[in-house]
Amino acid sequence: MTEHASRLQAFMATIEKRNPHEAEFLQAVREVADTLLPFIDQHPTYKDYNILERMCEPERVVIFRVPWVDDQGRYCVNRGYRVQMNSAIGPYKGGLRFHPTVTLSVLKFLAFEQVFKNSLTTLPLGGGKGGSDFDPKGKSDHEIMRFCQSFMNELSRHIGAFTDIPAGDIGVGAREIGYLFGQYKKISNEFTGVLTGKGLDYGGSLIRTEATGYGVVYFANEALTARGDSLEGKKCAVSGSGNVAQYTIEKLIQLGAIPVTVSDSAGFVHDPAGIDESKLAFIKELKNIKRGRIDEYTHHVKGATFHPDTTPWNAPVDLAFPCATQNELPEKDAHTLIKNGCKGVFEGANMPTTEEAYQVIRHHKLLFTPGKASNAGGVATSGLEMSQNAQRMSWTRDEVDYRLKMIMKSIHGNCEKFGRQEDGMIDYVKGANIAGFVKVADAMIAQGHV
Ligand code: NDP
């Protein structure tokens, strides 16, 4: 075993002891520690202050009961969470996820990643994440509203415009944010920017809906340009069909790439002719309004095929954009992508690539950008929404889009600063982890043992 491997093992043993059985959280910490431990060894102050271990412990975790009544009058119960991970550089900020797979481990991994991501955006935002094991699929609007109101009855005690500002994530879109905001306003008797992703009529920002997906493509464009390449004419596999996937596809089309896949948890659609604006409009209506399943795309588009229980990584493509959920790109799919000539993987989702798949991608020197860098455009634009709320102003679409583009460029610059390798290539995982860490670590040292 190398010296680094044994140091990593020893560090992870302390984290595993305190967080047994939290597989996703441990996976996220291991990935970060792998690149940070050598950096910390070269900068012993961070070791003296035990910064990394302190960053692995949430500042606060709130777990609560969410009782609600369904349309048949039955009494139902779910579990709600808010993980307030780190507030060294700003108030806690991070989305809410409603999905049956939500556990404390999943939310701790997301909150941990969020700390680094928010630091990378250059905005003063700490990291947090929350949600519930509630499944919005198949629920009526009234059931969603009652659940959101009950969830906010408790969450409202722990958040605030200067304390913790949640946003959306899987299963929490414009509809849910509206219900959550309405209930917070009623309880607090205040109209404040306590949530982001709000509707445009009540404090939302233009481009916030599009921001994560657009940002992923802006970042991919920067990374390809740094390698002397471009998006033009590239066939792209995109997974998911929710918020991030839809706007990743939209920006890929606008920048001349050819998205050929889209998916949901039932399987993927392959459209070799490419998804264009009108096919994308169909996907948006299907998913955002009718709330249908993605296989319906093949009834609408000739030549498109549906592949049940399979991932989009089986389609022959030049570039891959995982935009659905964690660990959706396993090792065997990484081999398939490489066999088919894929040149780059750009994460839109959080931690969609398994540890084993990442090792394969790294070994084959594919261009790889981690979610904490490439999907940071969403939270960055949430930060812009907070600025507009504080100023009681609304910026134009062009202004917000320009700022988003500039933020993605500066995140790329930060990754380059800390991730440039001897062979001239940029290691985006290393660059993002170190750049995100330094700012938070320095602020923690400055603020003392709190
Ligand atoms: P949505 O709920 O809008 O969409 C999620 C999509 O992923 C759906 O198509 C869903 O399919 C699919 N999906 C969910 N779980 C699985 C699964 N187990 N297997 C296969 N497909 C699955 O969520 P978002 O688009 O907002 O989020 C997607 C990812 O991006 C998440 O990792 C999230 O954390 C991350 N992210 C989101 C940001 C945002 O601004 N929204 C910001 C930064 C990151 P189905 O309908 O069948 O469940």
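**Exercise 1. Give the place of Arg291 in the chain.**

Solution. Arg291 sits in the loop between α10 (277-290) and α11 (297-300). Helices here are DSSP runs of H or I with at least four residues, strands are runs of E with at least two, and both are numbered from the N terminus. The model is predicted, with local features needing pLDDT of at least 70 and side-chain atom pairs pLDDT 80 or more, while totals for chains, interfaces and linings use all residues. Residues are numbered from 1 along each chain as its sequence is written, and side-chain values use heavy atoms, leaving out hydrogens and water.

Next, the backbone: phi of Arg291 is near 55°, a positive value in a residue other than glycine. Last, the accessibility: Arg291 counts as partly exposed because its relative accessible area is 47%. The classes are buried (under 20% relative accessible area), exposed (over 50%) and partly exposed (in between), with a 1.4 Å probe and protein chains only.

**Exercise 2. Find the loop that holds Thr122, and give its phi and its accessibility class.**

Solution. Thr122 lies in the loop between α5 (104-120) and β4 (127-132). Its phi is near 75°, which is positive although Thr122 is not a glycine. The relative accessibility of Thr122 is 44%, so the residue is partly exposed.

**Exercise 3. Check the length of helix α7 against the expected span, then list its buried residues and what they pack against.**

Solution. The expected span of a helix is 1.5 Å times one less than its number of residues. Helix α7 (residues 174-188) has 15 residues and should therefore span 21 Å; its end C-alpha atoms are 21 Å apart, in agreement.

The buried residues of α7 are Arg175, Glu176, Ile177, Leu180, Phe181, Gln183 and Tyr184. They pack against β3 (92-98), α6 (141-155) and β5 (164-167), where contact means heavy atoms within 4.5 Å. After α7 comes Asn189, with a positive phi near 55°.

**Exercise 4. Repeat the length check for α9 and decide whether this helix is largely enclosed or not.**

Solution. The twelve residues of α9 should span 16 Å at 1.5 Å a residue, and the end C-alpha atoms are 17 Å apart, which agrees. Ten of the twelve residues are buried, so α9 is largely enclosed by the rest of the structure.

The buried set is Val244, Ala245, Gln246, Tyr247, Thr248, Ile249, Glu250, Lys251, Leu252 and Ile253. The packing partners of these residues are α8, β6 (235-238), β7 (258-259), β8, α10 and β11 (319-321). Just after α9, Gly256 has a positive phi of about 90°.

**Exercise 5. Describe the shell of residues around the ligand by its closest members, its polar distances and its composition.**

Solution. The ligand is surrounded by 26 residues, the closest being Asp169, Thr212, Ser265, Arg293 and Asn350; a residue is near a molecule if one of its heavy atoms lies within 4 Å of it.

Distances from an oxygen atom of the ligand:

- Gly171: 3.0 Å, to a backbone N or O atom.
- Arg208: 3.2 Å, to a polar side-chain atom.
- Ser241: 2.9 Å, to a polar backbone atom.

Taken alone, the ligand exposes 900 Å², of which the protein buries 82%. The elements giving two or more residues to the shell are α8 (208-226), α9 (243-254) and β8 (261-264).

By class, the shell has five nonpolar, 13 polar and eight charged residues. Nonpolar covers Ala, Val, Leu, Ile, Met, Phe, Trp, Tyr, Cys and Pro; charged covers Asp, Glu, Lys and Arg; the others, Gly among them, are polar.

**Exercise 6. Work out the surroundings of Asn389 and name its side-chain polar partner.**

Solution. Asn389 belongs to helix α15 (residues 377-391). Its relative accessible area is 18%, so Asn389 is buried. Leaving aside neighbours within four places in sequence, Asn389 is in contact with Gly193, Lys198 and Gly203. With the side chain of Lys198, the side chain of Asn389 makes a polar contact of 2.8 Å. Such a contact is a pair of N or O atoms within 3.5 Å; within protein, one must be able to donate a hydrogen and the other to accept it, and residues adjacent in sequence count only if both atoms are side-chain atoms.

**Exercise 7. Give the separations in sequence and in space for Ala446 and Ala88, and for Met1 and Glu285.**

Solution. Ala446, in helix α17 (residues 428-447), is 358 residues from Ala88 in sequence and 9.3 Å from it in space, C-alpha to C-alpha. Ala446 is exposed because its relative accessible area is 68%.

Met1 is in the segment before α1 (3-18). Met1 and Glu285 are 284 residues apart in sequence and 53 Å apart in space, C-alpha to C-alpha. With a relative accessible area of 73%, Met1 is exposed.

Key. Areas by Shrake-Rupley, 256 points an atom, 1.4 Å probe, with all protein chains shown as cover.
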